[in-house]
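Open your viewer, switch on the cartoon view and keep the selection box handy. We will go from stop to stop, picking residues and looking at what surrounds them.

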Amino acid sequence: MRIGIDLGGTKIEVIALANDGRELFRKRIETPRHDYHQTLSAIASLVTDAEEATGEKGSVGVGIPGTLSPFSGKVKNANSVWLNGQALDRDLSDLLARPVRLANDANCLAVSEATDGAGAGKHLVFAAIIGTGCGSGIAIGGRVHSGGNGIAGEWGHNPLPWQDEEERRYQLEVPCYCGKKGCIETFVSGTGFAMDYFRLSGKPLKGYEIITLVEQGDVIAEQAMQRYEQRFAKSLAHVINLFDPDVIVLGGGMSNVDRLYCTLPDLIRPWIFGGECETPIRKAIHGDSSGVRGAAWLWPQQ
């Protein structure tokens, strides 16, 4: 049995999977925010709950909103800031008396979809989470590729490629939270989409409200949508030009905009070196469950 933990800023979720991927147990609790030791205890209690409910002992994988430094062995870049600087895998291993594997939550999405989701059977899977922010993960052969610095997949914090004059002006108005300007995240996240609509209309709407207007034929909403699609296409073309994944899988709120799967392939092609591109773009099959399932699959099938 494999146990996965999705450690988020507001909730912690556990799942137990049989060796064939069947879900055996699932539970969700609130995250003890800003309390590291209570967070450890909460994870341990969820593992206990899963094992008591199933009568089995399992391996444990944890997805986190950050990454584990390969140099210090401690968490870095987590927006759940109380995790930063902590040796989370070692502390959990000691608490649970077994090895624990950690990975960035976007990498868990990639592993989940590469194992038994939209990227099943594909060697190199690029998974993008397009929601409040904009992150991505890479799975090669069904396993996390985190890189020598532990930051592989930080696609959202590269500059938007092939910027036009308006995009260059926009990056000066809306710097990224990371401190740099022009990051893909400021354009391609759901937040970036809503901000661009606000610039065009003066109306502070949420992403799903704008999509509703698009479906109703609203001219300004359609303009914002087309601008978003063009920026998303350029950003994905950059990825394809770099390492040509076998499939791109989308998760997060904006992944539910079905027209993206129709419009993006043709919009990407002009930006590809040589002009040829048939890379499939698919919605994550497991949706919001991909992260916690991917954490469980950090211990892969043999």
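Select helix H9, residues 260–268, and colour its buried residues: Leu260, Tyr261, Leu264 and Ile268. Look down the helix axis: these residues cover an arc of only 85°, so they sit on the same side of H9. There is a general pattern behind this: an α-helix has 3.6 residues a turn, so residues three or four places apart point the same way. Now turn the helix around. On the face turned away from the buried side you will find the exposed residues Cys262 and Asp266. What do the buried residues of H9 pack against? Show helix H8 (219–243), strand E11 (247–251) and strand E12 (281–283), and you have their packing partners. Keep in mind as you go that this is a predicted model.

Stay with strand E11 and pick valine 247, which lies in it. Is valine 247 buried or exposed? Its relative accessibility is 0%, so valine 247 counts as buried. Show its surroundings: leaving aside residues up to four places away in sequence, valine 247 touches Ala118, Gly119, Lys122, Leu124, Val125, Phe126, Thr279, Pro280 and Arg282. For a sense of scale, add glutamate 52 to the selection. Valine 247 and glutamate 52 are 38 Å apart, C-alpha to C-alpha, and 195 residues apart in sequence.

One of the neighbours of valine 247 was Phe126, and phenylalanine 126 is our next stop. Aromatic pairs in this model come to 7. In one of them, phenylalanine 126 meets tryptophan 155 edge-to-face, with 5.7 Å from centre to centre and 90° between the planes. Phenylalanine 126 belongs to strand E8 (residues 124–130), while tryptophan 155 is in the loop between strand E10 (143–144) and helix H4 (165–173), so this pair ties together parts that are 29 residues apart in sequence. Both phenylalanine 126 and tryptophan 155 are buried. Now widen the selection to Phe126, Trp155, Phe193, Tyr228, Phe232 and Phe243, and you will see one aromatic cluster.

Rings can have charged neighbours too. Select arginine 101 and tryptophan 299: the arginine lies over the face of the ring, 3.6 Å from its centre. Then try lysine 234, which lies over the face of tryptophan 271 at 5.7 Å from the ring centre.

Next, travel to the loop between strand E5 (67–68) and strand E6 (75–76), where serine 69 has its place. Serine 69 has a relative accessible area of 8%, so it is buried. Which backbone atom lies 3.1 Å from a polar atom of the side chain of serine 69? Pick the backbone nitrogen of phenylalanine 71. Beyond residues up to four places away in sequence, serine 69 touches Lys74 and Lys76.

For the final stop, select strand E1, residues 2–7, where 6 of 6 residues are buried. Arg2, Gly4 and Asp6 point one way from E1, and Ile3, Ile5 and Leu7 point the other way. In a regular strand, side chains alternate between the two faces of the sheet. Now add the partners of E1. Strand E2 (residues 11–17) pairs with E1 in the antiparallel sense over 6 bridges, and a hairpin of 3 residues joins the two. Strand E4 (residues 59–64) runs parallel to E1, joined to it by 5 bridges. Finish on arginine 2, which stands opposite leucine 17 in E2 and opposite serine 59 in E4.

Terms used: Residues are numbered from 1 along each chain as its sequence is written. This is a predicted model: local features need pLDDT of at least 70, side-chain atom pairs count only at pLDDT 80 or more; totals for chains, interfaces and linings use all residues. Side-chain values use heavy atoms; hydrogens and water are left out. Rings of Phe, Tyr and Trp (its six-membered ring) pair if their centres lie within 6.5 Å; planes under 30 degrees apart count as stacked, over 60 as edge-to-face and the rest as tilted. Helices (H or I, at least four residues) and strands (E, at least two) are DSSP runs, numbered from the N terminus. Buried means under 20% relative accessible area, exposed over 50%, partly exposed in between (1.4 Å probe, protein chains only). A charge sits over a ring if NZ of Lys or CZ of Arg is within 6 Å of the ring centre and within 35 degrees of the ring normal. The arc is that of the directions from the helix axis to the C-beta atoms. Contact means heavy atoms within 4.5 Å. A polar contact is a pair of N or O atoms within 3.5 Å; within protein, one must be able to donate a hydrogen and the other to accept it, and residues adjacent in sequence count only if both atoms are side-chain atoms. Two strands pair if DSSP finds at least two bridges between them.
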